[in-house]
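Thank you for making time for this. I would like to walk through one structure that is probably new to most of you, and I will go slowly, beginning with a term we need and then moving along the chain.

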Amino acid sequence: MLQALTLRGIEVPGDVALLGYDDIDFAQSAGVPLTCIRRTRADIVSVAVDLWSRGR
């Protein structure tokens with residue numbers, strides 16, 4: 001994604017914000033600083049159970 005944006009002349013983070021998920025290794029070596037989100041399986045399961053129980 002970062003490469004595609006850069007090739008089109010779109011500046012990251014100037015023109016668009018780019019966010020990573022699951023703390024990808026690429027984020028540490030990217031030419032621009034990237035923010036990444038890390039969620040544990042326990043967090044995901046907890047949210048899923050909460051959402052399921054609200055729908056009942």
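When I call a residue buried, I mean that its relative accessible area is under 20%, while exposed means over 50% and partly exposed means in between. Please also keep in mind, as we go, that what you see is a predicted model.

Let me apply that term straight away to V12, which sits in the loop between helix 1, covering 2-7, and strand 1. Is V12 buried or exposed? Its relative accessibility is 10%, which is under the 20% cut-off, so V12 counts as buried. Setting aside residues up to four places away in sequence, V12 touches L2, L5, L18, V32 and L34. There is also a distance you may like to find on the screen, since the C-alpha atoms of V12 and G31, which are 19 residues apart along the chain, are separated by 9.7 Å.

Staying with V12 for one more moment, I would draw your attention to the peptide bond that leads from V12 to P13, which is cis, with omega near 10°. As a general matter, most peptide bonds are trans. P13 itself also lies in the loop between helix 1 and strand 1.

That loop holds D15 as well, and here the label changes, because D15, with a relative accessible area of 55%, is exposed. Leaving aside neighbours within four places in sequence, D15 is in contact with G9 and I10. The C-alpha atoms of D15 and L5 are 10 residues apart along the chain and separated by 9.7 Å.

Now let me step back to the overall layout. How many helices and strands does the chain have? There are three helices and two strands, and, read along the sequence, they follow the pattern α-β-α-β-α. The chain has 56 residues, and buried residues make up 12% of them. The chain exposes about 4,900 Å², of which carbon and sulfur atoms supply 56%. If we take contacts between residues at least 6 apart in sequence, 9% of them join residues at least 24 apart.

Turning to the surface, which residues form a nonpolar patch there? They are L19, Y21, I37 and I44, and together they have about 370 Å² of accessible area. One of them, L19, is found in strand 1, which spans residues 19-21, and L19 counts as exposed because its relative accessibility is 54%.

Next come the charged pairs, and the count is two salt bridges. In one, R39 pairs with D43, with the closest N and O atoms 3.9 Å apart. R39 has a relative accessible area of 36%, so it is partly exposed, and D43, at 34% relative accessibility, counts as partly exposed too.

In the other, the side chains of R54 and D50 meet at 2.9 Å, N to O. How are R54 and D50 placed along the chain? They are four residues apart in helix 3, residues 41-54, and are therefore separated by about one helical turn. R54 counts as exposed because its relative accessibility is 63%, whereas D50, with a relative accessible area of 34%, is partly exposed.

I should finish with confidence, since all of this rests on a prediction. The mean pLDDT of the chain is 84, and 88% of its residues reach 70 or more. Where in the chain is confidence lowest, and where is it highest? The lowest value belongs to helix 2, residues 26-29, at a mean of 67, and the highest belongs to helix 3, at 92. Helix 3 is also the element that holds the R54 and D50 pair we have just discussed.

Notes
Residues are numbered from 1 along each chain as its sequence is written. This is a predicted model: local features need pLDDT of at least 70, side-chain atom pairs count only at pLDDT 80 or more; totals for chains, interfaces and linings use all residues. Side-chain values use heavy atoms; hydrogens and water are left out. Patches are made of residues with over 30% relative accessible area and no salt bridge: like charges are joined within 9 Å, nonpolar side chains (Val, Leu, Ile, Met, Phe, Trp, Tyr) within 5 Å. Accessible areas come from the Shrake-Rupley method with a 1.4 Å probe; for residues, only the protein chains shown count as cover. A salt bridge is a side-chain nitrogen of Lys or Arg within 4 Å of a carboxyl oxygen of Asp or Glu. Buried means under 20% relative accessible area, exposed over 50%, partly exposed in between (1.4 Å probe, protein chains only). Contact means heavy atoms within 4.5 Å. pLDDT is the predictor's confidence in each residue, from 0 to 100.
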